Amino acid sequence: MYTSRPATAPIDTMIPLRFRMSRARRDTALAAVSGLAFALSFPNPSYGLISWVALVALLVSTWEATVAKAARLFFLAGTLAHLILLRWALVQTYYAGAWVVFGVVGLATYYGLHWAAIGAVWSWIRRKHPAFCLPAIFGLLWMASETLQTSRSLLLSMPSHLAY
């Protein structure tokens, strides 16, 4: 006879032991999947809904994280996404040599730092002022970061950043 688990059992007890992940690995995997999904949402406008899934996965992975951990996870997702999005620059290795790879990695890291700043500020707001933890606040943070990235006052600004 089949007996089901009680409805109050935590989800972790329903997963066999060999398939369980630590919370840190799960959050890192969610951040990596978020970065990949965010990059995959850009080749074609019809894939734009993937970016929402990526964003939700990233926010879920950082929901209970400290400020430093949220910054690390956002950095991972942002750097991974930009490494994929900047792959077009690798075509220049034929003309400029392998130095282009260092430039692409450096630029992806730079943009990953913008994502890390968003994650740190969002986590700080969520911890210190939970009443302001609204999607609109996150949207304003994201928009401010995008505006800062396209600002000509920065050393590494990319004016066409919004139009990958």
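Contact here means heavy atoms within 4.5 Å. With that noted, I started on F138: leaving aside neighbours within four places in sequence, F138 is in contact with L55, L59, F74, I118 and W122. I should say at once that this is a predicted model.

**Entry 1: overall layout**

I looked up the secondary structure next. The protein chain has 7 helices and 0 strands. Going along the sequence, I read the pattern as α-α-α-α-α-α-α. Of the 164 residues in the chain, 32% are buried. I also checked how the contacts spread along the chain. Among contacts with a separation of 6 or more, 61% are between residues 24 or more positions apart.

**Entry 2: the cores**

Back to F138, and to what it belongs to. I found that the largest nonpolar core has 17 residues, and that F138 is listed with F38, L58, F74, W115 and W142 as having the most contacts inside it. Which helices supply at least two residues each of this core? They are helix 2, helix 3, helix 4, helix 6 and helix 7. Helix 4 gives the most, with 5 residues. Another core lies apart from this one; it has 8 residues, and A89, A108, Y110 and Y111 are among them. A general point for the margin: nonpolar side chains in soluble globular proteins tend to be buried together.

**Entry 3: helix 4**

Since helix 4 gives the most to the core, I went through this helix in detail. Helix 4 covers residues 67–85, which is 19 residues. From first C-alpha to last, helix 4 reaches 26 Å, close to the 27 Å expected at 1.5 Å a residue. I listed the buried residues of helix 4 as K69, A70, A71, L73, F74, A77, G78, T79, A81, H82 and L85. What do the buried residues of helix 4 pack against? My note reads helix 2, helix 3, helix 6 (99–128) and helix 7 (135–150).

L76 is also in helix 4, and I wanted to know its status. Is L76 buried or partly exposed? L76 counts as partly exposed because its relative accessibility is 31%, and buried would need under 20%. Not counting residues up to four places away in sequence, L76 touches T28, A31 and A32. For the pair L76 and A31, I noted 45 residues along the chain and 6.6 Å between the C-alpha atoms.

**Entry 4: helix 2**

I turned to helix 2 (23–40). It has 18 residues and reaches 25 Å from its first C-alpha to its last, close to the expected 26 Å. D27, A31, S34, G35, A37, F38 and A39 are buried in helix 2. The cover over these buried residues includes helix 3, helix 4, helix 6 and helix 7.

I picked S34, which is found in helix 2, for a closer look. Why does S34 count as buried? S34 has 1% relative accessibility, and the cut-off for buried is under 20%. Leaving out residues up to four places away in sequence, S34 touches A54, L55, A57 and L58.

**Entry 5: the cavity**

I then searched for enclosed space. How many cavities of 30 Å³ or more does the structure hold? I found 1, with about 30 Å³ of space in the largest cavity. The lining is made of S34, F38, S51, A54, L55, L58, W115 and W142. So S34 turns up here again, as a lining residue that counts as buried at 1% relative accessibility. Helix 2 and helix 3 (49–61) each supply at least two residues of the lining. The largest share, 4 residues, comes from helix 3. By type, I sorted the lining into 6 nonpolar, 2 polar and no charged residues.

**Entry 6: F132**

My last stop was the loop between helix 6 and helix 7, where F132 is found. Is F132 buried or exposed? F132 is exposed because its relative accessible area is 51%, while the cut-off for exposed is over 50%. Aside from neighbours within four places in sequence, F132 is in contact with I125 and I137. I also took the C-alpha to C-alpha distance from F132 to W122, which is 10.0 Å, with their positions 10 residues apart in sequence. W122 had come up before, as one of the contacts of F138.

Note on methods:
Residues are numbered from 1 along each chain as its sequence is written. This is a predicted model: local features need pLDDT of at least 70, side-chain atom pairs count only at pLDDT 80 or more; totals for chains, interfaces and linings use all residues. Side-chain values use heavy atoms; hydrogens and water are left out. On a 1 Å grid over the protein atoms alone, a cavity is a set of points where a 1.4 Å probe fits but cannot get out, and a pocket is an open set with protein on both sides within 12 Å along at least five of seven lines; lining residues have an atom within 4 Å of a point. Grid points are joined across faces, edges and corners, and a volume is the space filled by probe spheres set on the points. Ala, Val, Leu, Ile, Met, Phe, Trp, Tyr, Cys and Pro count as nonpolar, Asp, Glu, Lys and Arg as charged, and the others, Gly among them, as polar. The expected span of a helix is 1.5 Å times one less than its number of residues. Buried means under 20% relative accessible area, exposed over 50%, partly exposed in between (1.4 Å probe, protein chains only). A nonpolar core is a set of buried Ala, Val, Leu, Ile, Met, Phe, Trp, Tyr and Cys residues joined through side-chain atoms within 4.5 Å.
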